[in-house]
Amino acid sequence: MAASPGPAGVGGAGAMPGSGPSSFGFDSGLEIKTRSVEQTLLPLVSQITTLINHKDNTKKSDKTLQAIQRVGQAVNLAVGRFVKVGEAIANENWDLKEEITIACIEAKQAGETIAALTDVSAPNHPESGGQITIFTDKTGVIKAARLLLSSVTKVLLLADRVVIKQIITSRNKVLATMERLEKVNSFQEFVQIFSQFGNEMVEFAHLTGDRQNDLKDEKKKAKMAAARAVLEKCTMMLLTASKTCLRHPNCESAHKNKEGVFDRMKVALDKVIEIVTDCKPNGETAGAATSIFTGIKEFKMNIEALRENLYFQSKENLSATLEAVLERTEDFTDSAYTSHEHRERILDLSAHARAELQQLASVWLQAQSKRTKSIAEELELSILKISHGLNELKKELHSTATQLAADLLKYHADHVVLKALKLTGVEGNLEGLAECACKFSEQKEQLVETCRLLRHVSGTEPLEITCIHAEETFQVTGQQIISAAETLTLHPSSKIAKENLDVFCEAWESQISDMSTLLREINDVFEGRRGEKYGYLSLPKPMKNNANLKSLKPEKSDSEEKAKIAKLGLKLGLLTSDANCEIEKWENQENEIVRYGRNMSRTAYSLYLFTRGEGPLKTSQDLIHQLEVFAEEGLKVASSAQAFSKQLKDDDKLMLLLEINKLIPLCHQLQTITKTPVQNQGLLKVDKCITKTRSMMAILVQLLSLCFKLLKKLQMENNRWVSVMNKDSVDGKT
């Protein structure tokens, strides 16, 4: 996932994450470089492992030995790049310098050892029967490979500590500046401090964005996205709320509005540190209760385990688990917004589930004493019945929550209450404000409760977290809109008070839009239409009100640059044709290598159309997103080809692995290019990316051709073996 736009910048200036200066000797891009080199290095080490797992008397051709030598040299070069990054980290972090330096020295020694042991020109490789045998010092290679893996892991762990330290230090700087902003009394002083605060927030957004991209845990990634979304939106709110407070220092509602923003930002900053350090503050509870869908999933796993083990757990535990699930359905049945029909259906299905569990318990008890076929069949039937009943309950709960959400979004699509609230503020109508605030509070409570119900039926942990984020946003922003409207009503001629209310209303409308997308994605998950990768609704999005923000739109290229890019694109278009020709040769079009290769070719073709000013891609941002998809598909092709290589003999396997390892580094390099800021180098970036894409397509064409030939060879060998076995079988019978 690409890094999203970061928070608003200084006193009206905006920036992308990472566009601000870093106060550290190296930026968080070092983490990306380290990971990239690691991902290049580890496949090469796996090749060394493959090379040493051979029979001692195996003879190797000159071609194979030269390939072995190239692998050893490639490992040594990758280690050299890795060590340079490690040394750069060490030089800027004196507290870890000694540990990192030792690990780098070990890695360098291991790389040199592997290069030396795979050097066929070295005199210590004896010849036998005119053929040079493979390594005589197998133990040395094994030791070097182990040392290399150990030292690389050590450097990565230490680098991770550095990144965490960066984020904590950056958070502390932001908090310190926020404390100064809270106490400021003059507008001039506020502008100066907010300028510093903007730079610090840009740096923090850059660091946390890289960290979010690097997280493997989808739940943590969603939490980080939610926390960053709060900080991004609250930065603009903090600006207008603080200015309103300074303009109207005696207004209680203005102070209340400002305090709400500061409090929410502090909670979000703490949440980020909790995620990166993987620890909770003292006394904090485990978190929100398990959703109904998650509870049902766990319960069904428990009853299905009875098929294998009748003594898996007690009847009391199963009953308690089901009761805990059904108790949470009270969020639906107790809701004033649930229709009578839905409520009755949920209650009936809950009662049915309890009755089915009693029946299951009775059969279960019999099965423990009598192990007959009829009892086993009856137990299976009871398990299927209760599972079916719970599936029906899930459908009813999903229908209730999503129908309520859809109706609510449709009813509030025109934001009538919000517009009325703004109007009463501009008119200074206190009576009208009270009436509108009451209606708006009711709308807020409806949305909060709907988000709570949607969380129960979300189906995945990331979407659960998005529901919780939406619920909190509606709750907090709703209260802040009312306080901002109160301030405007008391000071109807105040431009800053009006601007402040507009910013909060915009955040509300943005969250309504996000909720609509959230509803669609929950339906996709429930109906099984969910894709491989999931975008998070809570990722920071640029605000619509850009009066105080720099434009982030990519600038259009001039005719000369367009002509240059079009020329690069033409070669890319020809390569897509070559790739399609190679794909058509395959009989099995559903083969993973073919499938991912076809995806790469299609993506490359859309990039080619972009260079001609045609196709669905319109801006540089569209291009960058497509390039990220292209790099991901390239890594999938490499992974599938690596899996296929395990079926091949040593010589063929080595040949294929060498081609694969030409593709992987290019994929990582393309990912790195797309993560760098676009400003001031849009055309240069497009030029680089198209060139890199061309190189990857050229390798894809070679890889598809090689895989096709090796697959045919493997099939022929298998057919020959089957033929020989059949002949032997016939001869035996004769």
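Which residues of helix α8 are buried? I292, F293, G295, I296, F299, K300, N302 and I303 are. The views below start from this helix. The model is predicted: local features need pLDDT of at least 70, side-chain atom pairs count only at pLDDT 80 or more, and totals for chains, interfaces and linings use all residues. Residues are numbered from 1 along each chain as its sequence is written, and side-chain values use heavy atoms, with hydrogens and water left out.

**View 1. The whole protein has 21 helices and 2 strands.** Helices (H or I, at least four residues) and strands (E, at least two) are DSSP runs, numbered from the N terminus. Of the 734 residues, 51% count as buried. Buried means under 20% relative accessible area, exposed over 50%, and partly exposed in between (1.4 Å probe, protein chains only). The protein exposes about 35500 Å². Carbon and sulfur atoms supply 52% of that area. Accessible areas come from the Shrake-Rupley method with a 1.4 Å probe; for residues, only the protein chains shown count as cover. Among contacts between residues at least 6 apart in sequence, 79% join residues at least 24 apart. Contact means heavy atoms within 4.5 Å.

**View 2. Helix α8 covers residues 292–304.** How far apart are the end C-alpha atoms of α8? They are 18 Å apart, which agrees with the span expected for 13 residues at 1.5 Å a residue. The expected span of a helix is 1.5 Å times one less than its number of residues. The buried residues of α8 pack against several helices, including α9 (315–328), α11 (340–369) and α16 (495–526). F293 is one of these buried residues. The charged end of K394 sits over the ring of F293, 4.9 Å from its centre. A charge sits over a ring if NZ of Lys or CZ of Arg is within 6 Å of the ring centre and within 35 degrees of the ring normal.

**View 3. W364 belongs to helix α11.** Is W364 buried or exposed? W364 is buried, with a relative accessible area of 5%. Leaving aside neighbours within four places in sequence, W364 is in contact with L306, L310, Q313, S314, K315, L318 and L379. Take L306: 58 residues separate it from W364 along the chain. Their C-alpha atoms are separated by 8.4 Å.

**View 4. Aromatic rings pair up, with 7 pairs found in the whole structure.** One of them joins F440 and W508, a tilted pair at 4.7 Å centre to centre, with 50° between the planes. F440 lies in helix α14 and W508 in helix α16, so the pair ties together parts that are 68 residues apart in sequence. Both residues are buried. Elsewhere, ring pairs link F187, F190, F194 and F197 into a cluster. Rings of Phe, Tyr and Trp (its six-membered ring) pair if their centres lie within 6.5 Å; planes under 30 degrees apart count as stacked, over 60 as edge-to-face and the rest as tilted.

**View 5. The search for disulfides finds 0.** A disulfide is a pair of cysteine sulfur atoms within 2.5 Å. Why does C451 form no bond with C467? The sulfur of C467 is the closest cysteine sulfur to that of C451, but at 6.5 Å it is too far for a bond. C451 counts as buried, at 1% relative accessibility. C505 is buried too, at 1%.

**View 6. H415 has a positive phi of about 55°, although it is not a glycine.** Most residues other than glycine have a negative phi. H415 lies in the loop between α12 and α13 (416–427). H415 is buried, with a relative accessible area of 16%.

**View 7. Helices α18 and α19 hold two buried serines, S601 and S640.** S601 lies in α18 (residues 592–611). Its relative accessibility is 2%. S601 touches T576, A579, N580 and M697, not counting residues up to four places away in sequence. S640 is found in α19 (residues 620–645). Its relative accessibility is 8%. Leaving aside neighbours within four places in sequence, S640 is in contact with E592, I593 and Y596. R595 lies over the face of Y596, at 5.2 Å from the ring centre.

**View 8. E587 sits in the loop between α17 (559–584) and α18.** E587 counts as exposed, at 70% relative accessibility. E587 and F708 are 121 residues apart in sequence. In space they are 9.8 Å apart, C-alpha to C-alpha.
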